[in-house]
Amino acid sequence: MELIRDTGHHRLTMWPEPLIASTERLDTHTVAVTTRDSAGVPVAAVICVHNARAGFGIFGEMRILDDRGGPRQRVRALVLLVREALRYADTIGITRVSTEAPERLVPFAARLAGIEGERVSRRRLFHTDLHAARTATLRASGDDGSFRALTPEEEEAIDAAIDVRR
């Protein structure tokens with residue numbers, strides 16, 4: 001069932017809940033992490049590459065696949081991608097993780113990684129131990145992907161950064 005909210009100006013659709021993330025192995029060094037709505041429709045995804053023997057993983061570029069989700073749902077879908085990717089990385093023995101974020105997504109990435117990242121041109125590099133990133137992510141978010149203890153300003157900044165039109 002699709003939930004539709006009428007705001008008086010335009011209709012906003014939302015993904016049916018709950019949102020659930022899972023990992024699919026694509027080949028020996030690549031996985032696709034996908035968040036799906038309760039109907040099984042993929043709503044967000046990321047490709048991650050890893051070398052389990054070296055204990056290293058790279059989190060790729062997150063994508064919103066279905067623009068019907070509400071702003072808070074889009075944020076939660078992306079948080080669930082991170083949580084699932086880190087969970088999977090832990091199961092295969094990854095010890096170090098890395099990702100890059102554009103400046104507009106730094107508040108999102110920093111909160112989940114637990115570090116501020118290193119400025120590299122107009123992006124930030126987040127490179128840390130898996131256990132540190134996973135601990136920070138689990139502290140910062142709930143099982144449903146919602147952020148914990150955000151100020152209204154932080155929540156607004158993160159919502160604004162996740163824009164499906166970019």
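Leaving aside neighbours within four places in sequence, which residues is D159 in contact with? The views below come from a predicted model.

**View 1. D159 and its contacts.** D159 sits in helix α4. Beyond its neighbours within four places in sequence, D159 is in contact with P71, R72 and V75. One of these partners, R72, also makes a polar contact with D159, side chain to side chain, at 2.2 Å. Is D159 buried or exposed? D159 counts as buried, because its relative accessibility is 14% and buried means under 20%.

**View 2. The largest nonpolar core.** This core has 39 residues. Which of them touch the most other members? They are F108 and F147. Several elements give two or more residues to the core: strands β4, β5 (42-51) and β8 (96-102), and helices α1 (71-91), α2 (106-113), α3 (130-140) and α4 (152-161). Helix α1 gives the most, with eleven residues.

**View 3. F108 and its contacts.** Here the focus is F108. Neighbours within four places in sequence are left aside. F108 is then in contact with M62, V75, L78, V79 and V82. F147, I158 and I162 are also in contact with F108. V75 links this view to the first one: V75 is in contact with D159 and with F108.

**View 4. The β3–β4 hairpin.** Strand β3 covers residues 20-27, and strand β4 covers residues 30-36. The two strands run antiparallel. How many bridges join them? There are seven. Two residues lie between the strands of this hairpin. I20 stands opposite R36 in β4. Strand β4 also appears among the elements that give two or more residues to the core of View 2.

Terms used. Residues are numbered from 1 along each chain as its sequence is written. This is a predicted model: local features need pLDDT of at least 70, side-chain atom pairs count only at pLDDT 80 or more; totals for chains, interfaces and linings use all residues. Side-chain values use heavy atoms; hydrogens and water are left out. Two strands pair if DSSP finds at least two bridges between them. Helices (H or I, at least four residues) and strands (E, at least two) are DSSP runs, numbered from the N terminus. A nonpolar core is a set of buried Ala, Val, Leu, Ile, Met, Phe, Trp, Tyr and Cys residues joined through side-chain atoms within 4.5 Å. Buried means under 20% relative accessible area, exposed over 50%, partly exposed in between (1.4 Å probe, protein chains only). Contact means heavy atoms within 4.5 Å. A polar contact is a pair of N or O atoms within 3.5 Å; within protein, one must be able to donate a hydrogen and the other to accept it, and residues adjacent in sequence count only if both atoms are side-chain atoms.
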